[in-house]
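User: I'd like to go through this model with you and ask what lies behind the labels. Could you take me through them?

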Amino acid sequence: MDLIGWVIFLVALLFSVMLHETGHFVMAKKFGMKATRYFVGFGPTLWSTQRGETEYGIKALPVGGFVKIIGMHSLDDVEDPADEPRSFRRQPAWQRIVVLCAGSFMHFVLAFLLIFGLALGIGISSDSTTQLGTVSTCVAANTTQLNNGTCTASDPASPAKLAGLRVGDQVTAFDGKPVSNWTQLQDAIRHASAGSPATITVQRDGKTLTLHTTLATVNGRSGAYLGIAPAIVFQTANPVRAAQYAGSAFGQVLVGSVKEVGALPTALPKLFSKDRASTAAGQVSSVVGAAEATGAAVAANVGWQYKVSFVLLLIASLNIFVGLFNMLPLLPLDGGHVAVIVWERIRAWFARLRGRPDPGLVDMTKLLPVSFSIFLVLMFFGVALILADIVNPVNIAG
């Protein structure tokens, strides 16, 4: 585990959470709602200050944050009856929906800006090459050593070294099948059987060479292992190209996130299986898994551009996933509260058609059992993912 990587991820996560709360806070203030508290963290208060009608502060446990907007629903008592007109529940439906959606919107904005800044400042990496940038010298004893790029005297030589592969070689075929990009090559290696012979065709100094080796396996990692990594080339983009890249990457992650959310129920049985990486369970991860991936990337024996690129894309992807997941029409998520407001307006519309008075706010006491049940299900999935990422992690090493 790389401590610096964990710290980077946790700070980024806390910043994302507080940006989410800032979205709610700013829009509530804009619409004249009364927000009485804005706090970073939970638990005992370490420091706070009063600015106008809002108390700002820091609490002892930096695992999130919250904003208190008065009168969120029918069960939320308002201390001063004079403040009731400024409560959340008394505002027009569209304003309440905007406030609720503002948190996820901030996640999406942050993700887009991270990807845009990456393309503009560091560059866009290309996976269209099969040129080797790293040739490992050994087969690591476990995934930790693999991610850290360390070898010991007792570790056997890697299949890549035994084959005679060199940095700069251009791989053109694997086991006789042509490969034109790194994704094809990586998939071909991982789907091969560990311990099986492999033939690698490369271009070196204008000559075509056919090399042979036997694929290995790393303890705790699924798939065969050869011991190579690509030569990653980054090309900075102009603002227009960077915006296009950010939009395209955002859309791809958004579609992928939708698939991940849909795969959650079917992924659960495979979380603790040996073939997790090759199933839907390999596409979902907890905070622990994401932090481990960040730590592994920071500790990896690769260039700084790759490290920064990986971490920024991971954080951007996490924000897109959280923003999307938060808008699911399930209580207690923001999307669930939006669904309640929409139902209130549909119910009011039917009442008008029948010449009846507006039935008003939904009675939240009737929804508490549903909300609590969904909360328990979400907690169950969360704990299961964390345990799986601890005892059966999906590794990013290639």
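Analyst: Happy to! Let's start with Phe372, which lies in helix H10 (residues 364-391); helices (H or I, at least four residues) and strands (E, at least two) are DSSP runs, numbered from the N terminus. This is a predicted model, where local features need pLDDT of at least 70 and side-chain atom pairs count only at pLDDT 80 or more, while totals for chains, interfaces and linings use all residues. Residues are numbered from 1 along each chain as its sequence is written, and side-chain values use heavy atoms, leaving out hydrogens and water.

User: What makes the nonpolar surface patch that includes Phe372?

Analyst: Its members include Phe272, Phe372, Phe375, Leu376 and Met379, and the patch covers about 950 Å². Patch residues have over 30% relative accessible area and no salt bridge, with nonpolar side chains (Val, Leu, Ile, Met, Phe, Trp, Tyr) joined within 5 Å and like charges within 9 Å. The areas come from the Shrake-Rupley method with a 1.4 Å probe, and for residues only the protein chains shown count as cover.

User: Why are H1 and H2 called oblique?

Analyst: Helix H1 (residues 3-30) and H2 pack at an angle of about 140°, with their axes 7 Å apart. Axes are lines fitted to C-alpha atoms, for helices over the stretch in contact, and angles run from 0 to 180 degrees between N-to-C directions. Angles under 35 degrees count as roughly parallel, over 145 as roughly antiparallel, 65 to 115 as roughly perpendicular and the rest as oblique. H1 and H2 are therefore oblique to each other.

User: And which label fits H2 and H6?

Analyst: The axes of H2 (residues 93-122) and H6 (residues 239-267) come within 8 Å and cross at roughly 135°, so H2 and H6 are oblique to each other. Residues of H2 that meet H6 include Phe108, Phe112 and Phe116, and among their partners in H6 are Tyr245 and Phe250; contact means heavy atoms within 4.5 Å.

User: How do you know that Glu53 forms a salt bridge with Arg86?

Analyst: The closest N and O atoms of Glu53 and Arg86 are 2.7 Å apart, and a salt bridge is a side-chain nitrogen of Lys or Arg within 4 Å of a carboxyl oxygen of Asp or Glu, so the pair qualifies. Glu53 lies in the loop between strands S1 (35-51) and S2 (54-69) and Arg86 in the loop between S2 and H2, so the pair ties together parts that are 33 residues apart in sequence. The whole structure has 10 salt bridges.
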